[in-house]
Structure formats: structure tokens, C-alpha cells
Amino acid sequence: MKTILEAKNLKVIRGGSLLVDVAGLSIFEGETLSIIGPNGAGKTTLLQALSYLMKPSGGEILFRGQAVGAAQHVLEYRRKIAMVFQEPLLFDTTVIGNVTSGLKIRGIGTAEARRIAESQLERFGIAHLRGRSAKTLSGGEAQRTSLARAFAVSPEILFLDEPFAALDPPTRESIVSDLEKVLAETRTTTIMATHDRNEALRLSDRIAVMEGGRIAQIDRPAVILNRPID
């Protein structure tokens, strides 16, 4: 399999504490990798370092073989990725305005941006909300809008930071089911931090288990479930 993203000797130090210490991690093109572990294990910090929302304290991140922050300009890299957080970060505009926002930043014309956005609204079941203000959305509707906005820009890597943790079980099940279908259709490379083991087992090609800022084990879901390292 072709490697799209690689971390080597990656360290994140904040306030004198070593939060992430990953000797090596390779993410393959088209796969979904879930990062699981207890609170404080470093899942979100690792995700932020890999997406370069947080500058690593040491080591390097390679995107398609080029070092991010060196040969690969950080802004250029960020334009090739998308991120969805636990709390939806939506602009104070309509649903379709939010979904077209990333496209317009990338220089896509208004008509084309709207066409792409409409297809994503249909994909995530929120086409009827296109004209609604983002302020009036429920938690599930807001997260669907965030996902539609992320997929609209056709990211080469999608980062998901516990995107369903704040949702009630029925809403979570509905959105996870839709995301599962979209990932199967698009084969978008996805890295997801989650504390929900069942979510990880359902969506992932591989799972990385984090503990104390380090990756304790990384393998296929069946191996993680049936043959844990400890």
C-alpha cells in the first residue's frame, strides 16, 4: 500500500511535559485509521500535530514523501486536508454558506461551489436545511454540516477529532452509518481520534492504541480486539 502520511520521531512537549512521543507512524492512502486510548493518552494532540494545527516539538511529518514545514509549505499542506472537531466550528451564515466556504477559499467559482455543496448536502441528508442559519441547528445537524463542508473540498486526508462524542446515541448511530457509506464510496484517507471502541472497530481498516503519548499497538481491528499486546 502507498504511504500518504508519515511521522518520524514525532514529539510534542507542552509546559515541560512530553505529550506525544511516536517513533514512527505510516498512514496508507485510502485507509481509515482510528486512534483510541483513555483520556490524556495524547490522541487529540497527535491529531493536531499530524494536521500541523500544532507545531511538533521534534521529529518530522512527511506528506507524500515531502517534509511538511520544509519542502512542503504548511499552508499548502493544510489546503489538502480537512478537519472536523468534536464541537462543530461553523460560520455565522447558512448551511450551504458553510459548506461552500472552503471551496471559495480555494478559488472555486460560485456556481461550481454551489453545485459541489448541494451534492454533499444530499449525501449527508441535510439538503432541506441549505438555507437555515447555522445558529439554529441541532448538534447532529451541525456535525453533518461540518462533515459536508469537509468532504466538499475533496481532502486528501480527513482528520476527525472525536466528532460524535457529544451526540446522543440515536443521532450518533445515524451519522456514523452515513459516514461509513461515504468513506466506502470515496476511499478518503481518514485519521480519527475516538474513545469509542465500537466506533473504531466499525469504521477502521487499522486501529492505533495510545497510552501515555505513545502508540502501544497498531494493527487491524480483529487483531487489536482479539490479541491485545497487554
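Two strands pair if DSSP finds at least two bridges between them, and that rule is a handy companion for the close-ups of this predicted model.

**View 1. Strand β3 pairs with strand β9.** Here β3 meets β9, which spans residues 206-211, and the two run in the parallel sense with 4 bridges. To find your bearings, look for S34 of β3, which stands opposite I207 in β9.

**View 2. Strand β3 also pairs with strand β8.** The partner in this view is β8, made of residues 189-193, and its pairing with β3 is parallel over 4 bridges. A good place to start is L33, whose bridge partner in β8 is I191.

**View 3. Strand β3 is covered on both faces.** Take a moment with β3 itself, residues 32-36: 5 of its 5 residues are buried, leaving the strand mostly covered. On one side you will find T32, S34 and I36, and on the other L33 and I35, with all of these residues buried.

**View 4. The rings of F124 and F151 form a tilted pair.** The model holds 2 aromatic pairs by the ring-centre rule. In the pair of F124 and F151, the ring centres lie 5.7 Å apart and the planes meet at 40 degrees, so the arrangement counts as tilted. This pair joins distant parts of the chain, as its members are 27 residues apart: F124 sits in the loop between α4 (110-123) and α5 (139-152), while F151 belongs to helix α5. Both F124 and F151 are buried.

Definitions and conventions
Residues numbered from 1 in each chain as written. Predicted model: local features only at pLDDT ≥ 70, side-chain atom pairs only at ≥ 80, totals over all residues. Heavy atoms only, no water. Buried < 20%, exposed > 50% of the residue type's maximum accessible area, 1.4 Å probe, protein only. Phe/Tyr/Trp six-rings, centres within 6.5 Å; stacked < 30°, edge-to-face > 60°.
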